[in-house]
Amino acid sequence: MPSKLYSSIFPSIIFLSLVFLFLYSTFLPLYTNNGSSSLPIGKFLPSSSSSTCNLFDGHWVLNSTKAKPFYDETCPFHRNAWNCLKNKRDNMGIINSWEWVPKDCNLERIDPWSFLGMMKNRNIGFVGDSLSENFLVSFLCILRVADASAKKWKRKGAWRGAYFPKYNVTVAYHRAVLLAKYKWKPKQSAVSAQDELKGVYRVDVDIVADEWSSITGFYDVLVFNTGHWWGYDKFPKETPLVFYRHGRPINPPLGLLDGFQVVLENMVHHIQKEVPKNTLKFWRLQSPRHFYGGEWNKNGSCLFDRPLEEDQLDLWFDPSNNGVNKEARTLNHLIRKAVQGTDIQVLDLTHLSEFRADAHPAIWLGQKDAVSIWGQDCMHWCLPGVPDTWVDILVQLIHSSFETG
C-alpha cells in the first residue's frame, strides 16, 4: 500500500516543483538589481516604462517652488550677450520659475556630481552653430558646480569648451554652421555678369568642415545641429551659396532648401561611416526664433513677459502661415528624414522651446548700441534659462542610452 501511494504522489511532486521553478525564474528579475551601475537608475530614467514616454511632449508650469538655477552671472564660461542676469534682463526670476512637465514621464533635474561620475573618462562634443554654443554654455556652468577646478579648453579645433579634472571629462563645442565645408569666393569677371553679385560661398556637400573632420574618435557623445544659417538673411542673392559635389558645381544649381537636404544626407552618411558605432549620437532639431513684427534686421522684437499659449504655436510656426518663424518646422522635417534608419537619435527640443517667447536676451545684450547695430536677439536664449531644461533632457537620454547599451 505505501509503495502504491508513493508511486501516485511522486509525479505530482515533480510537476509542482517544475511549476515553482518556472515561476521563480520568470519573476526573479523583476525584484533584483543587476548592479551594472553605481547610480540609482530611477533617478535618471523616465518614471514610466511605457514606450509612449516622450520627454519632448508636455507643457510649461509656473512653479514658485522650483529650485534656483545652479549658476548665476559669475560663471566663468558665460558669453556676455546671453548673461541676462548681468545685463539686468527683466523678470529673470519668473523666467526661471517655469518648469517643463512631460505628459508621460518625470523629467528629473540633472545631478552634476552623479552625471560627471557616470561620464568619468568620457567626453561630450557639440558640433554646429551658435545655438549649440548656447546649449554648451548652460551645460558647462551647471557641471562646474560639481568641479570648481574646471578649466577652459580649446584643443582639437574646439571653438570653446571645458575640462573637468576631477572626473577627466571634456565638454566642448566645434563651430561648423553648415556642417559641410564652405568658402568665400569673391566675384570675378568670369563668374557672372550680374552687377549685384559680390561673390559666392562655395559649399562642398560631400566634405565635412575642417572644424570637426578629425574629432570623431575623441568624443563618447556627439550632438550635431545645423539649420539656423540656412536662410536668405545669411546668404542673400548678392552672396549666395553655390553647391559642389566631387569638386564640381552641381547642375542644375540647387536652391537653398534642396542644398540643405543634400548636405544633410552627406553629413549623415559621413557620421555613420566615420564615427565609431559605440559613440552616442544625437541630432538636435531647430531652436525656434520669436521675432515679432519683422526679421532680426527689420525691427523684429520679442519683449514678452510669459510663454505663448499652445493654441498660438501654429500661428507662429506652422509653415502654412507665412510668418518669420516658420522655417524651424520645415527644416526639422528634412532632418528627421535624413537620420531615419540610422543610430542617430533625434533631440527634439523645438516644441518645448516654441512656447518660450519670453526667454530671449531681446534688448538686454550687455553692450552699448548693440540693438541699434544688430537688432534684438530673439534667437539665442538667456542664461540661466531654457537651455538648462535642454541639459536636463539630454542628460536623461544619455543615462538611459548607457543603461540600455
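This report looks at one helix, the disulfides, the salt bridges and a surface patch of a predicted model.

**Helix α4**

Start with helix α4, which covers residues 130-143. It has 14 residues. At 1.5 Å a residue, it should span 20 Å. Its end C-alpha atoms are 20 Å apart, so expectation and model agree.

Where does α4 sit, out in the open or enclosed? Of its 14 residues, 14 are buried, so the helix is largely enclosed by the rest of the structure. Its N-terminal end has a cap, D129. A side-chain oxygen of D129 lies 3.1 Å from the backbone nitrogen of L131.

**Disulfides**

How many disulfides does the whole structure hold? A search finds four. Count the bonded cysteines along the chain, and the pattern reads 1-4, 2-5, 3-8, 6-7. Three of these links are set out here.

| Disulfide | S to S distance | Citation |
|---|---|---|
| C53 and C105 | 1.9 Å | sulfur atoms of the pair |
| C75 and C141 | 2.1 Å | sulfur atoms of the pair |
| C84 and C382 | 2.0 Å | sulfur atoms of the pair |

Take C53 and C105, which form a disulfide. The pair links distant parts of the chain, 52 residues apart. C53 is in the loop between α1 and β1, and C105 is in the loop between β2 and α3. The torsion about their S-S bond is about 135 degrees, so this disulfide is right-handed. C105 has 5% relative accessibility, so it counts as buried.

Next come C75 and C141, joined by a disulfide. This pair ties helix α4, which holds C141, to the loop between β1 and α2, which holds C75. The two cysteines are 66 residues apart. The S-S torsion is -95 degrees, and the link is left-handed. C75 is buried at 7% relative accessible area. C141 is buried at 2%.

C84 and C382 are also joined. They lie 298 residues apart. C84 is in the loop between β1 and α2, while C382 is in the loop between α9 and α10. Their S-S torsion is about -80 degrees, so the disulfide is left-handed. Both cysteines are buried.

**Salt bridges**

The count of salt bridges comes to twelve. One of them brings us back to helix α4: E133 meets R160 at 3.0 Å, N to O. E133 is in helix α4 and R160 is in strand β5, 27 residues apart. Are these two charged residues buried or exposed? R160 is buried, with a relative accessible area of 16%. E133 is buried too, at 2%.

Another salt bridge pairs E295 with R289, with the closest N and O atoms 3.1 Å apart. R289 is buried, at 5% relative accessible area.

D348 and R336 form a salt bridge as well, with the closest N and O atoms 2.7 Å apart. D348 lies in the loop between β13 and α8, and R336 in helix α7, so the pair ties together parts that are twelve residues apart in sequence. D348 is buried at 14% relative accessible area, whereas R336 is partly exposed at 40%. Elsewhere, shared partners join R79, E133 and R160 into one network of salt bridges.

**A nonpolar patch**

Now turn to the surface. Which residues make a nonpolar patch there? L303, I363 and V371 do, and the patch is about 230 Å². I363 lies in the loop between α8 and α9. Its relative accessibility is 38%, so it counts as partly exposed.

Notes. Residues numbered from 1 in each chain as written. Predicted model: local features only at pLDDT ≥ 70, side-chain atom pairs only at ≥ 80, totals over all residues. Heavy atoms only, no water. Helix = DSSP H or I, 4+ residues; strand = E, 2+ residues; numbered from the N terminus. Expected span 1.5 Å × (residues − 1). Buried < 20%, exposed > 50% of the residue type's maximum accessible area, 1.4 Å probe, protein only. Polar contact = N/O pair within 3.5 Å; in protein donor to acceptor, adjacent residues only side chain to side chain. Patch = residues over 30% accessible without salt bridge, like charges linked within 9 Å, V, L, I, M, F, W, Y side chains within 5 Å. Areas by Shrake-Rupley, 256 points an atom, 1.4 Å probe, with all protein chains shown as cover. Salt bridge = Lys/Arg side-chain N within 4 Å of Asp/Glu carboxyl O. Disulfide = S-S within 2.5 Å.
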